[in-house]
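Q: I have a protein model in front of me and would like to learn how to read it feature by feature. Could we begin with a single residue and work outwards from there?

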Amino acid sequence: MFRRRSFTMKIGIIGTGNIGKTLIRRLSAAGHEVKAANSRGPETIEADVLASGGRAVTAAEAVVHVDVVILSIPFASIAQVAPLIAKVPDGTVVLDTSNYFPFRDTEIAAIEAGQPESLWASEQLGRPIVKAWNSIGSESFAHRSRPAGSADRIALPVAADSRRERELAMALVEDTGFDAFDAGPLAESWRQQPGTPGYCTDLTRRELPDALAAADAARAPKRRDLGLAVVQERFGAGEQPDGEYLVRLNRAMCM
């Protein structure tokens, strides 16, 4: 069991998609000093996203004088923000919430050959990173937070090579309303990638360890792509299934 940190952190969040918006709201509501940025400029960040105390800034401003930088951007954009992250001090923790989907991101040879997504991202950024919040769907993240100790509280895996960085990220996961689970080093983060039993299946702390242990590196990409095919066949272009449907689908296919 990790020791939960209770102090206020200065956090820069780059990305205001569905996961990024919830991160901004939850972490600022928890008392952290949050700066929020996206690729379109601070004026495009909606007021309701900042209602809990987050502050809209440019991407360059978001990474200055912060304890933590959270990247909540499409996986294909990781390399594009590398010059920005290169300016971040070594002591600043960098977290990544993204997932690789070849239909969207174009195929990346190293990942197709089996390299964990987070190790590839770390190489692009030229520094260690933490993987967190990538294993939950946006609807569950927005609506299924629970107080600590709740029997149905969803657990989220956190992977990093540095124990200090892992524990800091786990404290932030707890602050967003979910149980944090120590998922070990970054090399093991493939166990929380799309197509695995721990990805978007909304498991509790009791259930998650077995799901991570049961992950199959060879089958995960096939299940990821099959799940996408099922959604496309069932809903067609322009339609999106709700979060509960995706959880049921992932459980049926991956567990």
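Q: Is aspartate 96 buried or exposed?

A: The model is a predicted one, and the general idea is to ask how much of a residue's surface remains accessible, where under 20% relative accessible area means buried. Aspartate 96 has a relative accessible area of 0%, and therefore it is buried. This residue sits in strand S5, which covers residues 93-96.

Q: Which residue does the side chain of aspartate 96 contact?

A: To read a polar contact, we look at the distance between the atoms that make it. Here a distance of 2.8 Å joins the side chain of aspartate 96 to the side chain of lysine 131 in a polar contact.

Q: How should I read a helix such as H8, and what span should I expect for it?

A: The general idea is that an α-helix has 3.6 residues a turn, so residues three or four places apart point the same way. Helix H8 runs through residues 163-175, and because each residue adds 1.5 Å, its 13 residues should span 18 Å. The C-alpha atoms at the ends of H8 are 18 Å apart, which agrees with that expectation.

Q: How many residues of H8 are buried?

A: Helix H8 is mostly covered, since 11 of its 13 residues are buried. Among them are Leu168, Ala169, Met170, Ala171, Leu172 and Val173, and the buried residues also include Glu165, Arg166 and Glu167.

Q: What is found at the start of H8, and what follows the helix?

A: At the start of H8, a side-chain oxygen of serine 162 comes to within 3.3 Å of the backbone nitrogen of arginine 164. After the helix comes glycine 177, whose phi is positive and near 100 degrees.

Q: Why does aspartate 175 count as buried?

A: Aspartate 175 belongs to helix H8, and it counts as buried because its relative accessibility is 19%, while the limit is under 20%. Its side chain also forms a polar contact of 2.7 Å with the side chain of histidine 32.

Q: What should I make of a positive phi in a residue that is not a glycine?

A: Most residues other than glycine have a negative phi, and a positive value is therefore something to note when reading a backbone. In this model, threonine 106 has a positive phi near 65 degrees, and its place is the loop between helix H4 (102-105) and H5. Aspartate 202 is another residue other than glycine with a positive phi, of about 55 degrees, and it lies in the loop between strand S8 (179-182) and helix H9 (208-213).

Q: Are threonine 106 and aspartate 202 buried or exposed?

A: Threonine 106 counts as exposed, because its relative accessibility is 54%, whereas aspartate 202 counts as buried, because its relative accessibility is 8%. Between these classes there is a middle one, and alanine 110, in helix H5, is partly exposed because its relative accessible area is 32%.

Q: How do I read an enclosed space, and which residues line the largest cavity?

A: We ask about the volume of the space, and then about the residues around it. The largest cavity has a volume of about 40 Å³, and its lining includes Ser135, Ile154, Cys200, Asp202 and Leu208. Strand S7 (residues 155-158) gives the largest share of that lining, 3 residues, and by class the lining has 7 nonpolar, 3 polar and 1 charged residues.

Q: What can be said of the second largest pocket, and which residues are the closest to its centre?

A: The second largest pocket holds about 260 Å³ of space. It is lined by 16 residues, of which Ile111, Gly114, Gln193, Ala217 and Pro221 are the closest to its centre. Helix H5 (109-112) and helix H10 (220-235) each give two or more residues to this lining, and H10 provides the largest share, with 3 residues. The lining divides into 9 nonpolar, 4 polar and 3 charged residues.

Q: How do I put these parts together into a view of the whole protein?

A: We can count the elements and then compare the overall dimensions with a simple rule. The protein has 11 helices and 8 strands, and its C-alpha trace spans about 45 × 40 × 35 Å along the principal axes. A compact globule with 255 residues would have a radius of gyration near 18 Å, and the protein has 17 Å, which agrees. Of its 255 residues, 54% count as buried.

Technical notes: Residues numbered from 1 in each chain as written. Predicted model: local features only at pLDDT ≥ 70, side-chain atom pairs only at ≥ 80, totals over all residues. Heavy atoms only, no water. Helix = DSSP H or I, 4+ residues; strand = E, 2+ residues; numbered from the N terminus. Expected span 1.5 Å × (residues − 1). Buried < 20%, exposed > 50% of the residue type's maximum accessible area, 1.4 Å probe, protein only. Polar contact = N/O pair within 3.5 Å; in protein donor to acceptor, adjacent residues only side chain to side chain. 1 Å grid on protein atoms, 1.4 Å probe; cavity = no way out; pocket = protein on both sides within 12 Å on 5 of 7 lines; lining within 4 Å. Points joined across faces, edges and corners; volume = space filled by probe spheres on them. Nonpolar A, V, L, I, M, F, W, Y, C, P; charged D, E, K, R; others polar. Rg over C-alpha atoms; globule rule 2.2 N^0.38 Å.
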